[in-house]
Amino acid sequence: MRLRMVSSAVLGFAAVACSWGRFDDVADGAPVVVLEKPRDVRSGFGSALAAATRNGRAALLVGGTPGASHAALFDLGRGELPVEHALMDDLCSSDRGRCFLTDRPAALPRVVAPSGLELEFCFAVGAGAFSGQAPGVLVECESRDRFTIPVPEALDAALRSGGSQPEPQMIALAAVGAPEPGLLAGSEQHGLAWYYPEVSAAPIDLVPVQGWEPGFGASVAAAPVGEERLLAVGSPASGRVHLFRTNDDGVPRPAACVEAGPGFGRSLALGPLTAGDDEPELLVGDGHMVTVLEVAPLLEGAADPCVRLEDAAEVAHLACRETGEVTGCSEAELGSTLVLGDIDGDGDNEVLAGAPGLTVRGIARAGAIVVYDVEGPGDAEPVDVKFLSSAQNGDELGRGLAAARVGARDIIAAGAPGSARAALFYCPALPAVISGSRCR
Amino acid sequence: MHRVLWILTVLGLLAVLVPARTASAQGVETTARLEAIRKRMEAGQARYLAGDYAEAARLFEEGYRAHPYSAFLFNAGVCRQKLGDLEQALARFRDYLTVDPNAPDRDKVLARIAALEAELARQAEAKSEAEKAGAPEAPAAVDGAMKALVVIETEPAGAPLRLYARIDPTASPFQVGGENPGWLEVAATTAPTNLTLDVGRYHVVVEKFQDLNLSETDIDVLPGHVHHFKANLSQGEFMAFLRVTANVPGATVHLDDASARRPPWGSTPHGELVRPGRHSVRVAAPGFEPVTTWVELARGEQKLVEVELSRVDYGFLRLSSNAPEFTVRIGTDVFRTLRSGDAPLEVRLPAGVHPLVVSSEGRKPFHGEVEIPRGRVQPAFVRLIPTYPRGAAWVQAILSAACVGTGVYLGVESNRLYSELEADRRLGVLAADDSRVTKGRWFSIGANVGFGAGGILGALATYNFVKDPLPESSVRLSAPEEFPKEGERPGAPGGS
């Protein structure tokens, strides 16, 4: 009897162990799709991401090393079958002029070019100048149309100078609103932030009430609030985040200011956490944690002087938590990228915080995306941590981050420039309202 | 020719009786010669009684050629007559009288010759008539009584003697100087003498000789026998004749020496003149339990002692092998390891069947049984066959184990990777480019290959382990041998 059981066990083991087809089955329709790095994107592929969705179809911009490399455009399709190789791999290419790829590109699903041409799936990819055109913010579209938006004088002058070896000019970009999106831009180098009510409009400088600050414009975020638009500009060197709000004439004016320690404002996100919430939340990263602020109380106050963070109402803190899978929170750089996205399809946004310095399964700086579901005031714990099962040392997943709208939910798009990869995470760990075939 | 033989016989007898020889030496020599004559005579008699007249005739005639005593000729004649070869029979009887012209039964033999001649003549006539009539020839009746050889000696030699035959079975015992009705003097001669006599009772009277007294004795003559009588005149009595036989030829016989400290009296069958009286007879032979018996002999008495020796209850195993070095286990006892050049192993064992195991490095062990005969040496040669080389089988088995082990390892790893991938899939972090997918797939294929190759190699190894074209080790038992004679007995059993 025992011999028969042992024999059965051995045969069963052999039968299972010998079945190689199961690996095809388990990998078929994997919940994480890794996009192929285009050959022309020489370095840092995955450093900058932006996703645009229009008419149910999504496209993803994946950039290389900011200021030094190209960007590529991927078609994510309408469902769960993205095209893994790039549609375009020469965005922000120096072949057609000078382009300093930003690490915070902005997606423009639909835009009317200065020429009056209506374009889709366009991306503000950085600062520079196409051949024969004036310098400015470079916008490139899936249709290969491109145009330049003028920039403030200081940046314009910098972009025009430098000869053949100009100093890279890095800007941060954020789009807001539809169908005619506005564009918010900032330049930490020049301490500038400016706003385009429409991409064909002239830039409007954003100036803090407190006057010029070094590092102002290092990070930007924008969100619509009814007919108005709320703009956030980070000044991490000063530890401040300035809020601007447009009025009926569309011109933004200082509305509030929050102040904390140095680094505060390194990254920003702005948007409602709860579906139907008219007042968005402001998410501020300082490199170690993320602070969630209710915007409404801030707007009730004055823009000057800045409100101390501890005095701001309804504050939640999102901190890193080590688990069996991820460790090294002290080096995690939690919140170096911040995105809001409804990844479980319940209508509420979750906070996606890139933590490129996290150690995953013992792999140093493999990086991860930490997901928080902030339901209300108080500290929130991570509800999900997304990393690559094929993580490698120094991947720094989360250095680039975007939420791409696919169907009725968002998927996480994250870059791992250390291994020149960009990955799409289709399956949330949260109980998903909408779950695809990849999630089983 | 017969005359020559007669002369040679006489010369031989004279040689035996040469006075210069010592009496003892003469006695031993006479005894040995008479024993040889007796063997031939008894062999012929045995064949005669068995009805094998031709063989009996041949033995008697051969005996005569070796020992020219007339009794052989007479007996051969009787056998020839029994066979119907009357001419040859007639020739033997004529030779008989030629060799022994003073035979006591001369008249009877002459009458027999005459009868044979008449019969031959009648047969010749009858033959011609039968040829004419076509009738078969009827065989003639034959007096089939064998004669015996009787040798009579005296000490000292040369004494006159007379021999009387009892012709009336109811006659009274012979009285020297008496009338003795029913008794007939058949010979008067001097000792030593040999006589060919008919079966019956005789009385021998040795006359006074020199200053020694008269001696006398009755003798019973048996057909086809050799009788030996000797009168010790100084003691005034006839010596008795003791003959000892055993079922074991050559067994040593000690007379009046129960502890066998002196040289043996003889070896079976052995007969010799001995003093009348009570004697101990010890008969022993290697491999047999010695037997001691007592015998009472009257003067002039001829007595045969037949001893039945039974074998001892143990034997010896004499073992040798073709292997240069081997170990022997008999039952639970391990004996010794013999090396090339050592004498064969000789072990004393109780008679019966014993389990035997003989092993040697690099050879197939022999497992079997050996039967040790009682009182004998059982020679055995164990042929140890070299073990069939299993190198290939071992290599295949090791490779098989390695393949299966690799298969198991790869299978376990494959399962582990699959479990990890499954877990990652459930976590939603499984990347399509995860190298563990390819790794796990190859591990599974590797496990397949490992199990397959291991199975094939295992089957081959099993076959090669089982395959054995060489025969099994065997033992060849030779015919059991007798124990060596005294002083040559196999050594005590060795071993541990």
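Reader: In which loop of chain B is Ala260(B) found?

Author: Ala260(B) is found in the loop between strand S9 (252-255) and strand S10 of chain B, and it should be said at once that this is a predicted model. Phi of Ala260(B) is near 55 degrees, which is a positive value in a residue other than glycine.

Reader: Why does Ala260(B) count as partly exposed?

Author: Ala260(B) has 15 C-beta neighbours inside 10 Å. A residue is called buried at 20 or more and exposed at 12 or fewer, with partly exposed in between, so a value of 15 places Ala260(B) in the partly exposed class.

Reader: Glu333(A) has a phi near 55 degrees; where is Glu333(A) found, and why is it given the class it has?

Author: Glu333(A), another residue other than glycine with a positive phi, is found in the loop between strand S23 (326-327) and strand S24 (337-341) of chain A. It has 25 C-beta neighbours inside 10 Å, and the class of buried residues begins at 20, so Glu333(A) counts as buried.

Reader: How do you know that Pro114(A) is partly exposed, and which residues does Pro114(A) touch?

Author: Around Pro114(A) there are 15 other C-beta atoms within 10 Å, a number between the limits of 12 and 20, and therefore the residue is partly exposed. Pro114(A) is found in the loop between strand S6 (97-112) and strand S7 (118-130) of chain A. Not counting residues up to four places away in sequence, Pro114(A) touches Phe147(A) and Ser200(A). From Pro114(A) to Ile149(A) there are 35 residues in sequence, while their C-alpha atoms are 8.3 Å apart in space.

Reader: Which prolines of chain B follow a cis peptide bond, and what are the omega values?

Author: A cis peptide bond joins Glu155(B) and Pro156(B), with omega about 5 degrees; Pro156(B) lies in the loop between strand S1 (148-155) and strand S2 (160-166) of chain B. Another cis peptide bond joins Thr268(B) and Pro269(B), with omega about -10 degrees, and Pro269(B) is found in the loop between strand S10 (266-267) and strand S11 (270-274) of chain B.

Reader: Why are H3(B) and H4(B) called roughly antiparallel?

Author: The axes of helix H3 (residues 53-66) of chain B and helix H4 (residues 70-83) of chain B cross at roughly 160 degrees and come within 8 Å. Angles over 145 degrees count as roughly antiparallel, and therefore the two helices H3(B) and H4(B) receive that description. The crossing in which H3(B) passes H4(B) is left-handed. Among the residues that make this contact are Phe60(B), Glu61(B) and Gly63(B) of H3(B), and Asn75(B), Arg80(B) and Lys82(B) of H4(B). By class, the contact has eleven nonpolar, two polar and three charged residues.

Reader: What makes Glu61(B), Arg80(B) and Lys82(B) charged, and in which class is Gly63(B)?

Author: Asp, Glu, Lys and Arg count as charged, so Glu61(B), Arg80(B) and Lys82(B) are placed there, whereas Gly63(B) counts as polar.

Reader: How do you know how H7(B) and H8(B) are oriented to each other?

Author: H7(B) and H8(B) pack at an angle of about 155 degrees, with their axes 6 Å apart. Set against the limit of 145 degrees, this angle makes H7(B) and H8(B) roughly antiparallel. Their crossing is left-handed, and the contact of H7(B) with H8(B) has 19 nonpolar, 13 polar and four charged residues.

Reader: How many residues does each chain bring to the contact between the chains?

Author: The contact takes 27 residues from chain A and 25 residues from chain B. On the side of chain B that touches chain A, helix H7 (391-427) and helix H8 (435-466) each supply at least two residues. That side of chain B divides into eleven nonpolar, eight polar and six charged residues.

Reader: What makes Leu60(A) a buried residue?

Author: Leu60(A) belongs to the largest nonpolar core, which has 165 residues, and a nonpolar core is built from buried residues, so Leu60(A) is buried. Leu60(A), Val220(A) and Ala232(A) have the most contacts inside this core. Leaving aside neighbours within four places in sequence, the contacts of Leu60(A) include Phe74(A), Leu76(A) and Ala413(A). A second, separate core of 73 residues includes Ala71(B) and Phe209(B).

Conventions. Residues are numbered from 1 along each chain as its sequence is written. Chains are lettered from A and ligands numbered from 1 in the order in which they are written. This is a predicted model: local features need pLDDT of at least 70, side-chain atom pairs count only at pLDDT 80 or more; totals for chains, interfaces and linings use all residues. Two residues are in contact if their C-beta atoms, placed from the backbone, lie within 7 Å. Helices (H or I, at least four residues) and strands (E, at least two) are DSSP runs, numbered from the N terminus. Axes are lines fitted to C-alpha atoms, for helices over the stretch in contact, and angles run from 0 to 180 degrees between N-to-C directions. Angles under 35 degrees count as roughly parallel, over 145 as roughly antiparallel, 65 to 115 as roughly perpendicular and the rest as oblique. A crossing is left-handed if the near helix is turned anticlockwise from the far one by less than a right angle, and right-handed if clockwise. A nonpolar core is a set of buried Ala, Val, Leu, Ile, Met, Phe, Trp, Tyr and Cys residues joined through C-beta atoms within 7 Å.
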